[in-house]
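Me: Please take a close look at the nonpolar interior of this model. I should then like to see how the helices and chains around that interior pack against one another.

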Amino acid sequence: MSNATVTEAPQRLGLLRVLGPGHVWALGVGIVLVGEYMGWNFSVGKGGMIAGLVACWVAGLLYTCVAMIDSEVTSTVAAAGGQYAQAKHIVGPLMAFNVGLFLVMAYTMLEAANAITIGFLLDTVAGMLGHTGLNQKPFIILTILALAWLNYRGVLASLSFNLVITAFAFVAIIILFVSVKFGVSAVPLDFSAVTNEPLPYGWLGVVAALHFGLWYYLGIEGTCQAAEEVRSPARSLPFGTMAGIMTLLIAATLTWYVCSGLIPWEYLGNAGTPLFDAARVTGNTSLMVLLFIGTAFATTASANGCINDASRAWFSMGRDRYLPSWFGAVHPRYRTPYRSIVFLVPIALIFALGAPLDQVITFSILSGLLGYTFMTFNMFMFRRKWPLGSIKRGYVHPWHPLPALVLLLICGATYFAVFLGYGTQLIAMLCFYIIASLWFHFWRYRFVKRGDQFTMPWPRPQGY
Amino acid sequence: MDVWNYLEYAAWVLSALVAAIMLIDLIKVDTTYDNELLTSSREGELELTQERHEL
Amino acid sequence: MAYRPPEQSLAGQIVDVVVLLVLTVGALYLPLYLGLAGAAKVPAPIENPTWEALGQNAAEQAQWAALGYTDPASANEMITARFDYTFSWTALIVMVVAVVGYFILVVRLSTKEYREVIAERFGDRDR
């Protein structure tokens with residue numbers, strides 16, 4: 001007996017299908033845009049100004065491949081949980097369990113990083129206004145709880161909220177760029193370091209910079225998590241994701257240009273809030289206020305999107321009994337995965353209150369990176385098991401297998417970049433996933449119904 | 001005591017409030033509805049109603 | 001004959017969640033406690049720093065001033081700090097083996113489980 005053959009009974013709860021392409025864009029860009037407001041600049045620290053720009057574009061190429069591959073698979077496998085559901089149908093249950101964990105970890109860590117940044121930002125502003133020793137904890141806790149509540153109350157409200165604040169944060173970057181171009185800044189743009197000290201670490205620094213180059217775009221693939229709540233996934237998801245990656249490429253390049261021109265690279269490599277610092281250098285109060293609000297909005301939008309995505313992934317795993325089935329519940333009125341949302345709150349708090357920022361960011365990046373590596377062979381297997389023409393795809397990406405190969409190549413380079421300096425974390429993370437995999441395969445999988453996991457109305461995969 | 005101290009207290013109070021609202025609602029829903037109904041969502045249902053994979 | 005999974009008791013469900021939580025927190029905090037986390041920059045401050053000796057031109061000096069560093073000595077450490085990218089080849093090989101091995105392990109076990117899923121969903125090879 002398979003659920004796929006049961007038509008919808010009246011006494012069934014499902015997630016609410018209310019989102020349009022704009023919400024998908026807001027979910028994708030909202031999570032990621034914070035990367036422009038903080039974090040990317042560590043790539044300048046790891047390799048110098050040129051390395052920062054190269055990392056920005058190479059990572060942009062990586063994510064263009066990710067968006068292309070993801071759009072094809074997701075427009076076909078439209079289920080909450082995104083890449084998790086893809087892995088389940090294409091590679092197999094254990095891979096799906098791992099991908100689900102990648103997603104939950106990457107987003108929960110990113111959420112924690114955002115909350116930490118909000119605390120830090122408020123502390124900075126309090127300091128500028130003459131209050132020292134602000135207790136950041138209540139603000140961190142409030143951020144996470146308030147956004148969790150927003151998510152609990154319904155997906156349409158949380159993503160409409162995201163749309164507004166994300167658009168504001170994006171426009172703030174453009175206004176900063178235009179103002180600086182028209183000479184609002186008291187201090188001139190200066191790119192002399194590009195010629196004087198082009199590569200302080202040589203080419204090795206360019207590779208090393210890739211590590212934080214990912215931060216410009218990390219999370220854009222989260223758009224797939226909304227698949228079950230989008231009105232027309234086959235159209236909205238590719239459109240929202242592609243529009244998102246274009247927005248980010250523009251924002252990332254503008255950000256690099258303004259920040260590198262206005263901030264000495266040695267400072268930029270350590271800065272906590274680079275765009276806000278760039279506004280401080282211009283000496284223009286309106287710009288400072290604008291970029292302060294932009295930073296606050298970008299972090300909030302990101303944390304909000306992360307809660308949305310992490311809870312969808314956790315929910316999907318509960319629904320399939322990869323995790324206790326208790327988590328697979330939908331709220332009868334708000335139609336959200338409410339138990340997963342509540343459960344992930346304390347986890348985000350543990351990381352936000354207890355771990356240093358760079359550690360949290362690295363864990364998020366690593367989980368993301370493992371997920372991108374999965375996408376490469378996932379794509380090959382998808383095309384092999386269901387060749388073009390055997391099922392209807394919402395979108396077919398061009399030049400296969402080139403994007404998958406490029407993605408694999410850049411992933412390899414990024415592992416090496418993370419290895420330079422954060423090798424221990426990489427190994428610790430892998431140990432975690434290996435132990436969790438063995439636990440799943442030898443213990444947890446006995447509670448999973450076998451045939452029910454395959455829910456798409458597709459023909460039998462070729463070769464099985 | 002300046003405005004920032006009050007903000008800290010306000011943040012604590014609001015956090016507790018939001019947490020309480022969320023937990024109370026969760027308990028209320030869990031005790032009001034049957035767990036079978038709450039966990040009745042299945043993956044792929046929308047595929048049947050909305051998407052067609054025929055060529 | 002479809003596989004019928006056992007029902008899991010509430011206690012069992014809670015234990016499973018706790019196991020995952022312990023693993024997660026362990027993976028994050030273990031490197032921290034062992035003091036192995038993160039690459040630190042090593043500052044190499046120079047004697048009698050001036051903006052010129054630190055390689056900062058007029059525009060850059062104005063930028064430093066706007067960021068609150070009016071005295072070259074205060075920016076000395078930040079400007080001269082550098083990462084150390086020397087690494088051991090053994091460690092690199094360990095990493096490559098770990099990453100590749102992990103993916104091979106997961107894909108192989110997945111494929112085994114996947115055949116079962118397909119067999120139950122579509123029936124044994126009857127086509």
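Reply: Leaving aside residues up to four places away in sequence, L176(A) touches V258(A), L275(A), A278(A), A279(A), L287(A) and L291(A); two residues are in contact if their C-beta atoms, placed from the backbone, lie within 7 Å. The model is predicted, and local features therefore need pLDDT of at least 70 and side-chain atom pairs pLDDT 80 or more, whereas totals for chains, interfaces and linings use all residues. Residues are numbered from 1 along each chain as its sequence is written, while chains are lettered from A and ligands numbered from 1 in the order in which they are written.

L176(A) belongs to the largest nonpolar core, which has 202 residues; together with A59(A), I144(A) and L407(A), it touches the most other members. A nonpolar core is a set of buried Ala, Val, Leu, Ile, Met, Phe, Trp, Tyr and Cys residues joined through C-beta atoms within 7 Å. A residue is buried if 20 or more other C-beta atoms, placed from the backbone, lie within 10 Å of its own, exposed if 12 or fewer do, and partly exposed in between. Helix 5 of chain A (residues 93-128) contributes the largest share of this core, 22 residues; helices (H or I, at least four residues) and strands (E, at least two) are DSSP runs numbered from the N terminus. A second, separate core has 5 residues, among them L54(C), Y69(C), A75(C) and I79(C).

Helix 5 of chain A also packs against helix 4 of chain C, at an angle of about 120° and with the axes 6 Å apart. Axes are lines fitted to C-alpha atoms, for helices over the stretch in contact, and angles run from 0 to 180 degrees between N-to-C directions. These two helices are therefore oblique to each other, given that angles under 35 degrees count as roughly parallel, over 145 as roughly antiparallel, 65 to 115 as roughly perpendicular and the rest as oblique. On the chain A side the contact is made by P93(A), L94(A), M95(A) and N98(A), and on the chain C side by V106(C), V107(C), L109(C), S110(C), E113(C), Y114(C) and V117(C). By class these residues are 8 nonpolar, 2 polar and 1 charged; Ala, Val, Leu, Ile, Met, Phe, Trp, Tyr, Cys and Pro count as nonpolar, Asp, Glu, Lys and Arg as charged, and the others, Gly among them, as polar.

Within chain A, the axes of helix 3 (residues 49-76) and helix 9 (residues 202-213) come within 8 Å and cross at roughly 55°. This pair is therefore oblique as well. Their crossing is right-handed, a term used where the near helix is turned clockwise from the far one by less than a right angle, left-handed being anticlockwise. A59(A), named above for its contacts in the core, is one of the helix 3 residues that meet helix 9, where the partners include G205(A), V206(A) and L210(A). The residues of this contact comprise 9 nonpolar, 3 polar and no charged.

At the level of whole chains, A and C share the most contacts of the 2 pairs in contact. Their contact takes 57 residues from chain C and 70 residues from chain A. Helix 4 of chain C gives the most to its chain's side, with 22 residues, and that side has 41 nonpolar, 9 polar and 7 charged residues. The contact between chains A and B takes 44 residues from chain A and 32 residues from chain B. Helix 6 of chain A gives the most to the chain A side, with 9 residues, and that side divides into 27 nonpolar, 11 polar and 6 charged. Chain B itself has 3 helices and 0 strands, and 22% of its 55 residues count as buried. Chains B and C do not touch, their nearest C-alpha atoms being 13 Å apart.

Some backbone details in chain A remain. The peptide bond from H400(A) to P401(A) is cis, with omega near 10°, and P401(A) lies in the loop between helix 15 and helix 16. R321(A) has a positive phi of about 65° although it is not a glycine, and R335(A), also not a glycine, has a positive phi of about 55°. R321(A) is in the loop between helix 13 and helix 14, as is R335(A). R321(A) counts as buried because it has 22 C-beta neighbours inside 10 Å, whereas R335(A), with 19 other C-beta atoms within 10 Å, is partly exposed.
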